[in-house]
Amino acid sequence: MFDSFHYNYYLTINNFGFYKKRAGVCFTADMITGVCGKRFNKPHRFKTCTSGNSVVRLVLLGPFLISLSLMLGFILTMILALFSGELQAYHLQLILLLMVINLVLVNLTPYLSTFVGEKCVYFDREKQKVSFTFDIPNCTERDEFGNCCFDYSEINLRYQRVYTDQYGATTYAPIISHKDGQKFPKAKITAIVNENGRVPIECLMLFEDIRRFMDKSKPLPESPEYEGFRHLDPVTAEHDKAIGRPASYWNEMSLEQQLEIANKIYEPIYELNEEFPKKPLPEMKEPWKHWKPDGKKGEGEGVKHEILLIAMQLFTAKPM
């Protein structure tokens, strides 16, 4: 585990409530949280890292990929038929039929995902515990959700180089595991970061984010993901009151403005030529003195975004 913070980048745009606000024609989208639901609404206490090979991802992406392939095939067939003068009514009927099937799939897929055991690890800031949602032999301690858990001090954060194809292309994968690999070999997951990353910075930033979150001597990071929940963490509540922090600063912004600010903060990290900078980058403090909210309150692109989402759902079975 690394001993100090180097990048100090913790800003994550606020996607809580995303499924309800941007569900399109997917009326069951809020089921995607599955058993995570109890933790999903407590970001001040829990930080979750999902495994890259979780079956839940396959359940959610499978129908989308199949439907996308079929739709592209149907469209290509229609184009060929149009140029050859053989375009028939059934070509259009096939696409309409697929749209109806997609409507069913986008509502059925989230429901099916609730029957699949999630594979993830979550960090409990309050109790300083780390839990795994899958069975781990020799584990005797359980948390309030019935999952195997360990003391945070027993967890190791590291990354490893992964070869992605036969030609030697590599990426870096963050590994979260128990320090005693011999006793708890199953207590290990490969977390999800930038899947096309060619440098380990993404992994290091994830680890720093986790460590910063678990550091109870400091308030929660100044990030949209904790907005509306900061007062529930005692250290953070005291800190915010002392500096006179606005109660709903990030919530007054659109997702686009949050992302724009995130990109600006992100720039100096990618400009670094070394894995660990000699001087740690400064952590963002009191951003309300630098950026004024646009007042759109996370509405994104409004109607335009909703129409695009519905089109994606009907043409590709995209669940959210």
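The paragraphs below go through the salt bridges, a surface patch, a cavity and some single residues of this structure.

The model is predicted, and local features need pLDDT of at least 70, side-chain atom pairs count only at pLDDT 80 or more, and totals for chains, interfaces and linings use all residues. Residues are numbered from 1 along each chain as its sequence is written, and side-chain values use heavy atoms, with hydrogens and water left out.

Salt bridges come at the start. Side chains of opposite charge can pair when their charged atoms come close. Here a salt bridge is a side-chain nitrogen of Lys or Arg within 4 Å of a carboxyl oxygen of Asp or Glu. By that rule the whole structure contains 15 salt bridges. One of them joins the side chains of Glu 126 and Arg 45, with 4.0 Å from N to O. Glu 126 sits in the loop between S2 and strand S3 (129-132), and Arg 45 in the loop between helix H2 (37-40) and strand S1 (46-50), so this pair ties together parts that are 81 residues apart in sequence. The helices (H or I, at least four residues) and strands (E, at least two) are DSSP runs, numbered from the N terminus.

How far a residue is covered is given by its relative accessible area: buried means under 20%, exposed over 50%, and partly exposed in between, with a 1.4 Å probe and protein chains only. Arg 45 is buried because its relative accessibility is 7%. Its partner Glu 126 has 46%, so Glu 126 counts as partly exposed.

A second salt bridge is formed by Lys 127 and Glu 144, whose closest N and O atoms are 3.6 Å apart. This pair links distant parts of the chain, since Lys 127 is in the loop between S2 and S3 while Glu 144 is in the loop between S3 and strand S4 (148-151), 17 residues apart. Lys 127 is partly exposed at 46% relative accessibility, and Glu 144 is partly exposed at 46%.

In a third pair, the side chains of Arg 230 and Asp 240 meet at 2.7 Å, N to O. Arg 230 belongs to the loop between helix H5 (201-214) and helix H6 (234-243), and Asp 240 to helix H6; the two are 10 residues apart. Arg 230 is buried because its relative accessibility is 4%. Asp 240 is buried too, with a relative accessible area of 11%. Salt bridges that share partners also join Arg 45, Asp 124, Glu 126, Lys 127 and Glu 144 into one network.

The next topic is the surface. Met 31, Val 100, Val 104, Leu 108, Tyr 111, Leu 112 and Phe 115 make a nonpolar surface patch of about 640 Å². Patches are made of residues with over 30% relative accessible area and no salt bridge; like charges are joined within 9 Å, and nonpolar side chains (Val, Leu, Ile, Met, Phe, Trp, Tyr) within 5 Å. The areas come from the Shrake-Rupley method with a 1.4 Å probe, and for residues only the protein chains shown count as cover. Within the patch, Phe 115 lies in the loop between helix H4 (89-113) and strand S2 (120-124). Phe 115 has 58% relative accessibility, so it counts as exposed.

Another exposed residue is Leu 72, with a relative accessible area of 53%. Leu 72 is part of helix H3 (residues 55-84). The C-alpha atoms of Leu 72 and Phe 315 are separated by 9.4 Å, although these residues are 243 residues apart along the chain.

Now for the inside. The lining of the largest cavity consists of Asn 8, Tyr 10, Leu 11, Pro 221, Glu 222, Ile 265, Glu 283 and Met 284. A cavity is a set of points, on a 1 Å grid over the protein atoms alone, where a 1.4 Å probe fits but cannot get out; lining residues have an atom within 4 Å of a point.

Finally, two residues have an uncommon backbone angle. Most residues other than glycine have a negative phi. Asn 138 has a positive phi, near 75 degrees, and is found in the loop between S3 and S4. Glu 286 also has a positive phi, about 50 degrees, although it is not a glycine. Glu 286 is placed in the loop between helix H7 (255-270) and helix H8 (302-316).

How values were computed: 1 Å grid on protein atoms, 1.4 Å probe; cavity = no way out; pocket = protein on both sides within 12 Å on 5 of 7 lines; lining within 4 Å.
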